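Please go through the empty spaces in this model, and then look at one helix contact and a domain assignment.

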Amino acid sequence: MMFSKEMLNLFLEGTLETFYMVVMSTLLAYLIGLPLGVLLVVSGEDGIRPMPVLNRTLGVVINLLRSAPFLILLVALTPVTRAILGTSLGSTATIVPLVIGSAPFIARMVESSIKEVDGGVIEAAQSMGASPMQIVLRVMLPEAKPSLTVGAAIAVTTILGYSAMAGFVGGGGLGTIAVNYGVHRYQTDVMLVTLALLVAIVQVFQEVGMHIAARIDKRRR
Amino acid sequence: MDQKEIIRIEGLTKRFSGKNGDVVALEGIDLSINQGEIFGIIGLSGAGKSTLVRCMNLLERPTEGRVFVDGQELSALTEKQLRQARRGIGMIFQQFNLLMQSTAIENICFPLLLSGVNRREAEKRALELLEIVGLSDRRNAYPAQLSGGQKQRIAIARALANEPKVLLCDEATSALDPTTTRSILLLLKEINERLGITIVVITHEMRVVEEICSRVAILDASHVAEMGKVEEIFRRPKTAAARRLLFPGREQRAEAPAFGAKNQRMLRIVFDGMTPFEPVIANMVLVCGAPVNILFANTRAIEGKTVGQMIVQLPEAEDAVSRIEAYLNAQNVHYEEVTDDVL
């Protein structure tokens, strides 16, 4: 199977576009999901600053967003994307639904990572006069760092999967190439190459994430 | 009594609301702890002692009653004032509760950084504290690389960082082996003497109280059953709760055989782990040529050392008694005479 120079350029471009979408979306989704996840823990029943109404409302909203299949969300959000960016096509436009679709999922992952932090350590910090903000910034987040890193690796690969789905609605990146050439023109070889590239990218993110998580975790000797 | 009071608890009651109605953890506790003393609070598990110590820095809010520390009524402070007050009350825990992702020195700096001390100052202070707890060479180790005793030493250094007036110890030695327990207790005693910090020790082990406390409160079923000087309580426990803690397992034993006259004298012999393992009592009987009746014994051999206590009934002959006392003195065994209501 030999590809023309143009085709190879297309693959390269698609890969770079996919990287761009995934990295940007992950960063923006964490900007929303991380504080939400922290808020879920802090405001919980046994949290350091219980706020039952806020906690329950947040929980419901997150569950609603999470229960919508991403492909549906992708289409449903086109007016929103168009309102923000003026277009719903291309890789930049895809970032909007990617962020909205993955932030709730990230919030839940952050929540579960932070809940793993030993309650005794939090109690010790309280006994030293730490404020809730200090507990979040100096105890919860640093102590949960390895687990948060594993979560981030999972989040990146999930977002990568979502970004490929966006190919069906002109989202750009490797997904679009797979849809345009593989689905519409029956060029199975092109589809297989994009698939291989996607698998390779997932592997890289996953391996790097796990490696970092293991290296920064000081609980092992 | 010219001793200054540092902790006062008045009419403290703590109830937890559970699914099956309220659970009373503490009821009508009145307590006064003097500046500079080591005060023990002992009780069986479930007696409410951990809740009580958590009321002393308001990690647990009392349902009723008032808590004063260093003249401040903690229960009347705002959140912000309370955080400030807590900086003057150090606390250590059974499970050490160190930051697992931070090194020893970072753990000790932690409370200082919380109070806004700059990093350079904090590290300087942390190095001094590492010196006090004898772990200067482990400053860059993570908690996972330290033994239990070392972790507790780091926790003690951390608790002392803000120069507290009071140090609360919640079962601080319960996760440690006897030898390490002893070294931690000695460290606490040294800190108490050197820095004049008042120490409150929560424990279920009588030997901890015996080793370092000057006064003790016995907590039983949410109430203070008995309170007083440690040696007083050892000599004449007034309540069943105190006797249960002093002489565990006694209730399962058949009634002590009543040998001889009712008013016979008794000795409590304490094996503190410093006596090499040898048959002290048997030798005593042989050397002194006087039989004794063992009324109670609770001893264990740990790493070749005997730990525990024994109560023996003394023979009637005066000269036999003085021979026994002389023998025990010579063997460096701690003993004291007790009245027959201890059992």
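How do the residues of the lining of the second largest cavity divide into nonpolar, polar and charged? They comprise 4 nonpolar and 4 polar residues, with no charged residue. The model is a predicted one, and the cavity in question holds about 60 Å³ of space. Its lining is made by Leu74(A), Thr78(A), Thr81(A), Ser88(A), Ala93(A), Thr94(A), Pro97(A) and Val169(A). Two elements of chain A, α4 (78-85) and α5, each give two or more residues to this lining. The largest share, 3 residues, is that of α5(A).

By the rule applied here, there are 4 cavities of 30 Å³ or more. The largest cavity has a volume of about 70 Å³. Chain A contributes Ser127(A) and Met128(A) to the lining of the largest cavity. From chain B come Arg86(B), Arg87(B), Ile89(B), Gly90(B), Met91(B), Pro111(B), Arg158(B), Ala159(B), Asn162(B) and Pro164(B). In chain B, β6 (89-92) and α5 (148-160) each supply at least two of the lining residues, and β6(B) has the largest share with 3 residues. By residue class, the lining of the largest cavity has 6 nonpolar, 3 polar and 3 charged members.

Next come the pockets. The second largest pocket has a volume of about 780 Å³. It is lined by 31 residues, and the closest to its centre are Asp46(A), Gly47(A), Ile48(A), Arg49(A) and Gln126(A). Both chains take part in the lining: α1 (5-42), α5 (91-115), α6 (119-127) and α7 (132-165) of chain A, and α2 (79-86) of chain B, each supply at least two residues. The lining residues of this pocket divide into 14 nonpolar, 6 polar and 11 charged.

Helix α1(A) also packs against another helix of its chain, α8 (residues 173-183): the two axes come within 6 Å and cross at roughly 135°. Because of that angle, α1(A) is oblique to α8(A). On the α1(A) side, the contact involves Met7(A), Leu10(A), Phe11(A), Gly14(A), Thr15(A), Glu17(A), Thr18(A) and Met21(A). On the α8(A) side, it involves Gly173(A), Leu174(A), Ile177(A) and Tyr181(A). The residues of this contact are 7 nonpolar, 4 polar and 1 charged.

Chain B can also be read by domains. Its domain assignment gives domain 1 as 5-244 and domain 2 as 257-342. The C-alpha centres of these two domains of chain B lie 34 Å apart.

Definitions and conventions
Residues are numbered from 1 along each chain as its sequence is written. Chains are lettered from A and ligands numbered from 1 in the order in which they are written. This is a predicted model: local features need pLDDT of at least 70, side-chain atom pairs count only at pLDDT 80 or more; totals for chains, interfaces and linings use all residues. Side-chain values use heavy atoms; hydrogens and water are left out. On a 1 Å grid over the protein atoms alone, a cavity is a set of points where a 1.4 Å probe fits but cannot get out, and a pocket is an open set with protein on both sides within 12 Å along at least five of seven lines; lining residues have an atom within 4 Å of a point. Grid points are joined across faces, edges and corners, and a volume is the space filled by probe spheres set on the points. Helices (H or I, at least four residues) and strands (E, at least two) are DSSP runs, numbered from the N terminus. Ala, Val, Leu, Ile, Met, Phe, Trp, Tyr, Cys and Pro count as nonpolar, Asp, Glu, Lys and Arg as charged, and the others, Gly among them, as polar. Axes are lines fitted to C-alpha atoms, for helices over the stretch in contact, and angles run from 0 to 180 degrees between N-to-C directions. Angles under 35 degrees count as roughly parallel, over 145 as roughly antiparallel, 65 to 115 as roughly perpendicular and the rest as oblique. Contact means heavy atoms within 4.5 Å. Domain bounds come from an automatic or database domain assignment.
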